[in-house]
Amino acid sequence: MTQQTSPASKTEETGISPSLNLTNAPVPVVTGWERRWVDIRVKFTFLRTAMQCYRSPLKALATIRKLLQFKQAMNGRKEIRRCIKVEGKYYFSMYIPGYPSALFNQYIRTELNYISPHKQPVNRLQVLQLAVTNRCPLKCEHCFEWDNLNREETFSTEQLVQLVKKFSREGCAQFHLTGGEPMVKLARLTEIISQPGLKHEYYILSSGLNITEENALRLKKAGATGVIISLDHFDPVLHNLFRGSAHAYTHAVNAICSARKAGLVTALSLCATRSFITKANLWSYAKLARQLGVCFVQVLEPKAVGHYQDQPVLLTAAETDLLERFYLDINFDRACRDYPVFLYHGYHQRRLGCMSGGKRILYIDSAGHIDACPFCQTKSYEAAAIISGRLQIKDIQIGGCPAYK
Ligand code: SF4
């Protein structure tokens, strides 16, 4: 006879905090009439914003039509018929500000401007990914910051605050604060996030280390919007091996539960390696994500940079094909409506090009280089030049993504 494992003993095995109730965590997903109502309101916001930008109903409608076509091409077959609701705001991705908000309106103004330029204020960037430290106790197999880790810190907290303020002045919807492991610098994080007068969304990209219930609350009170936690396998042993830490899985799972309790938007980030990509593994991962009640899951492809330099990690066409089919199934199959929303950047990158590359998104790494993105380490400029005033943000020209034209 098979012996049943009680939830309590499972908790002891995994080291997951007993105070964090894993099993009662539905994904805060919005479907049905509420999703349709949100859709109507969002489209009305599009229309009102486009009218302010173009002062012509015909031009406004034509530009909105193009924007919606672009969104659908990015998503796949059509609009994803579910979104996420956290503390009264609706979220469609962790790269789009929550709705309703002034940040969302500015985001839309900026997207309209990409399609048909106008004279209203727009963001220079939609997201700045900013490494706030190079310190990290982990040894992840795929780490793209590998060559920069655990050296003398590049920037002080004051300098990072200056950088954030300068990008804020040029317009930037979100700051994604990363590292290294940013949670080893909690005081620095809260100092940056809580700067008065800066109205942005802040996400923390972390392995989950140090995101206890208390620290998640500190982030929330400082003004953080959410956390993006790396979890690269549903199997604790294999995730720990991948991350080079015996406690990585426990930290990741506890971090999600603590962040959820604190009212933060939660996301998992999966580096889908060649050995991981099977249909069964992807669905097991998705089921764990649903059990954890996360809002979003982003699927990243391994790239031969950092710790993976010169290694044959790039996915084959068959592997990306499997990922694409999974991405479409989990987002569009009606039976999957209680799962988190999945993002797979490779899907739209192969069809529409990359949204990063210094256009919508820019990356400042932990050595202070300004890169097209974490994977395309172009080292195009030095962030120190922005701080000193030698480089103006408006003069940054990276010329798009070097990988996906
Ligand atoms: S990937 Fe992140 S958590 Fe892992 S070693 Fe690199 S900086 Fe640390």
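1. A convenient place to begin is Tyr363, a residue that lies in strand S11, which spans residues 361-364. In this predicted model, Tyr363 has 26 C-beta neighbours inside 10 Å and therefore counts as buried, since the cut-off for a buried residue is 20 or more other C-beta atoms within 10 Å of its own.

2. The surroundings of Tyr363 deserve a second look. Leaving aside residues up to four places away in sequence, Tyr363 touches Gln129, Asp371, Cys373 and Pro374. For one of these partners, Pro374, the C-alpha to C-alpha distance from Tyr363 is 6.1 Å, while the two residues are 11 residues apart in sequence.

3. Turning to the overall layout, the domain assignment of the protein gives domain 1, covering 29-115, and domain 2, covering 125-395. The centres of domain 1 and domain 2, taken over C-alpha atoms, are separated by 24 Å, and the contact draws on 21 residues from domain 1 and 27 residues from domain 2.

4. Which elements give two or more residues to the side of domain 1 that touches domain 2? They are helix H3 (57-75), strand S2 (83-86) and helix H4 (102-115), and H4 gives the most, with 5 residues. Sorted by class, the residues on this side of domain 1 are 13 nonpolar, 5 polar and 3 charged.

5. The largest nonpolar core should be read together with the domain contact. This core holds 113 residues, of which Val294 and Val299 touch the most other members, and its largest share, 9 residues, comes from helix H9, residues 248-262. Because domain 1 (29-115) and domain 2 (125-395) both give residues to this core, it lies between them. As general background, nonpolar side chains in soluble globular proteins tend to be buried together.

6. What does Val294 touch, not counting residues up to four places away in sequence? Its partners are Val27, Ile256, Thr266, Ala267, Leu268, Ala289 and Pro340.

7. A last point concerns a pair of helices, H6 (residues 186-193) and H7 (residues 213-222), which pack at an angle of about 20° with their axes 8 Å apart. Angles under 35 degrees count as roughly parallel, and H6 and H7 are therefore roughly parallel to each other. On the H6 side the contact is made by Leu186, Leu189, Thr190 and Ile193, and on the H7 side by Asn215, Arg218, Leu219 and Ala222. By class, this contact of H6 with H7 has 5 nonpolar, 2 polar and 1 charged residues.

Methods
Residues are numbered from 1 along each chain as its sequence is written. This is a predicted model: local features need pLDDT of at least 70, side-chain atom pairs count only at pLDDT 80 or more; totals for chains, interfaces and linings use all residues. Domain bounds come from an automatic or database domain assignment. Two residues are in contact if their C-beta atoms, placed from the backbone, lie within 7 Å. Helices (H or I, at least four residues) and strands (E, at least two) are DSSP runs, numbered from the N terminus. Ala, Val, Leu, Ile, Met, Phe, Trp, Tyr, Cys and Pro count as nonpolar, Asp, Glu, Lys and Arg as charged, and the others, Gly among them, as polar. A nonpolar core is a set of buried Ala, Val, Leu, Ile, Met, Phe, Trp, Tyr and Cys residues joined through C-beta atoms within 7 Å. A residue is buried if 20 or more other C-beta atoms lie within 10 Å of its own, exposed if 12 or fewer, and partly exposed in between; C-beta atoms are placed from the backbone. Axes are lines fitted to C-alpha atoms, for helices over the stretch in contact, and angles run from 0 to 180 degrees between N-to-C directions. Angles under 35 degrees count as roughly parallel, over 145 as roughly antiparallel, 65 to 115 as roughly perpendicular and the rest as oblique.
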